[in-house]
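Work through the exercises below with the structure in view. Try each task before you read its solution.

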Amino acid sequence: MTDTYSQLVNNGMGKTVATRLGLPRPATLRRYEQGQSLLEAPAAVGTVADGTSGQAARGIVVASGAEAVDATPETTYAGKLGAVVLDATAAATIDDLEQLRAILAPAVKALGKNGRVVILGTTPAEIDDVERAAVQQGLEGIMRSIGKELRAGGTANLLWLDGDAQGDAALLAAPLRFLLSSRSAYVSGQPLRVRSAQVSEADDWTRPYVGQTVVVTGAARGIGAAIAKVYARAGAHVIAVDIPAAGEALATVANEIGGTALQLDITAADAGRRIADAVAQRAEALDVIVHNAGITRDKLFVNTDADRWGSVLDVNLRAEMRIDDVLLDPSVKGGLRDGGRIVSVASTSGIGGNRGQANYAASKAGVMGMVRRLGEQLRDRQITVNAVAPGFIETEMTSKIPFATREVGRRINSLMQGGQPVDVGETIAFLSEPGSAGVTGQVLRVCGQSQLGA
């Protein structure tokens, strides 16, 4: 869907007029292309107190082909920066936050277009000391505020590192690279927890799915098609699933990416078995399943009948759980392997609610509850379970929203624009890549730091 306002104020006479009138101009976001460098300018890397993860972060930045410079209160930056990474895991006193400010402020000021701010903190729930817990929780407020102050497509995010995950470059690499890269173009203002886990790093971090089989439901169009294309670009064989009525569009997507089309109603009682059978035709076990298929049947809560209520919950929540039950059975050929990945698509509606969407919000909030609990249950099998919660994404569905409401949805976020389906796909792919083994039971919003659903 075209964002006419963004095009108008960023080109030709419209750009000149917008500048003179002081109108907001949404930045053109840098998005990933094959072969693209991690950053377009150096990353400043600093450490508060005696944190052990700053050095690991520096090594990851350099190993990913980017230049790293030291970030200290005395550093002066001759040119623009591509990113700032600050290890604040050891910050324990309120006075330590002054050191954070002194290091971070000049570096953030030097950020160029599409700059990245990533703060590393210690998971507050793990801390017994009251002042240290308060200081670490304070990092979230700092990160969110910086995210709202950044301009020109900049984003700010926070990685909570568990104590036994700190200083471990293997655990940190995939989450840090994602947040620094253009793959996270529409992810801002988000905290993400990284826990200790066994990490099997891919040979090529730009194509981590080579040799893997991935199932994507609802893949015929929109966000689902974008998800399928991201996985195929990263080396996976994709089994694209959608209902028979979408067969032609599904075949087009599958042919384009060299994948397999599977026409299937996911609410069918044998849906899990049929997915496993399709996987078994080409692999011993499934590596990743992405639950993207979903429907809406909007109506005010008081006017919602049993059919509208039940159909949304059946497709968006019950079907996922029933399919997972089959795929998680170790005796099922074509089921999910130990160390595999489950990623579900939730929604910011499930966080903040939406008028006329009680059924949809219930299903998406249910998805969040499901991944948090299932993630804990499957840790001993090294299976991770996560969800993404998209905000306003430019799709066929959002194009039908009344103009005024649509414009509010687009602009009321830190990036002043809607996201693209590929932004959801990139985030889902990050959550399921081999290096993301330490991320489980999480819900990551892809909303440009939207105020809706906050």
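**Exercise 1.** Decide whether Val446 is buried or exposed, and find its place in the chain.

*Solution.*
Step 1. This is a predicted model. The relative accessible area of Val446 is 0%.
Step 2. Buried means under 20%, so Val446 is buried.
Step 3. Val446 sits in strand 13, which covers residues 443-446.
Step 4. Look at what Val446 touches, leaving out residues up to four places away in sequence. The list includes Tyr186, Val187, Val388, Ala389 and Pro390. Asp423, Val424 and Thr427 are also among the residues touched.
Step 5. Take one pair across the chain. Ser188 is 258 residues from Val446 in sequence, yet 7.6 Å separate their C-alpha atoms.

**Exercise 2.** Locate Ser450 and classify its exposure.

*Solution.*
Step 1. Ser450 belongs to the segment after strand 13.
Step 2. Its relative accessibility is 8%. The cut-off for buried is under 20%, so Ser450 counts as buried.
Step 3. Beyond residues up to four places away in sequence, Ser450 touches Ile412, Asn413 and Arg445.

**Exercise 3.** Place Ala278, classify it, and give its C-alpha separation from Arg411.

*Solution.*
Step 1. Ala278 is part of helix 9, residues 271-280.
Step 2. The relative accessible area of Ala278 is 16%. That value makes Ala278 buried, because the limit is under 20%.
Step 3. Ala278 touches Ile239 and Leu262, not counting residues up to four places away in sequence.
Step 4. Arg411 lies 133 residues from Ala278 along the chain, and their C-alpha atoms are 42 Å apart.

**Exercise 4.** Examine the phi angles of Ala49 and Met416, then place both residues.

*Solution.*
Step 1. Start with the general rule. Most residues other than glycine have a negative phi.
Step 2. Ala49 has a phi near 55 degrees, a positive value in a residue other than glycine. Met416 also has a positive phi, near 55 degrees.
Step 3. Ala49 is in the loop between strand 1 (43-47) and helix 3 (53-63). Met416 is in the loop between helix 13 (403-411) and helix 14 (421-432).
Step 4. Check exposure. Ala49 is partly exposed at 39% relative accessibility. Met416 is partly exposed too, with a relative accessible area of 25%.

**Exercise 5.** What are the domains of the protein chain, and how many residues does each bring to the contact?

*Solution.*
Step 1. Domain 1 covers 39-194 and domain 2 covers 213-446.
Step 2. The contact takes 17 residues from domain 1 and 22 residues from domain 2.
Step 3. The domain centres, taken over C-alpha atoms, are 30 Å apart.

**Exercise 6.** Compare the radius of gyration of the protein chain with that of a compact globule, then describe the whole chain.

*Solution.*
Step 1. For 454 residues, a compact globule would have a radius of gyration near 22 Å. The protein chain has 22 Å, so the two agree.
Step 2. The C-alpha trace spans about 65 × 55 × 45 Å along its principal axes.
Step 3. The protein chain has 14 helices and 13 strands.
Step 4. Buried residues make up 57% of the 454 residues.
Step 5. Consider contacts with a separation of 6 or more. Residues 24 or more positions apart account for 76% of them.
Step 6. The accessible surface is about 18,700 Å², and 51% of it belongs to carbon and sulfur atoms.
Step 7. Finish with charge. The mean positions of the 45 positive and 48 negative charges are 7 Å apart.

Methods. Residues numbered from 1 in each chain as written. Predicted model: local features only at pLDDT ≥ 70, side-chain atom pairs only at ≥ 80, totals over all residues. Heavy atoms only, no water. Helix = DSSP H or I, 4+ residues; strand = E, 2+ residues; numbered from the N terminus. Rg over C-alpha atoms; globule rule 2.2 N^0.38 Å. Buried < 20%, exposed > 50% of the residue type's maximum accessible area, 1.4 Å probe, protein only. Contact = heavy atoms within 4.5 Å. Areas by Shrake-Rupley, 256 points an atom, 1.4 Å probe, with all protein chains shown as cover. Lys, Arg positive; Asp, Glu negative; His and termini not counted. Charge placed at Lys NZ, Arg CZ, Asp CG, Glu CD. Domains from an automatic or database assignment.
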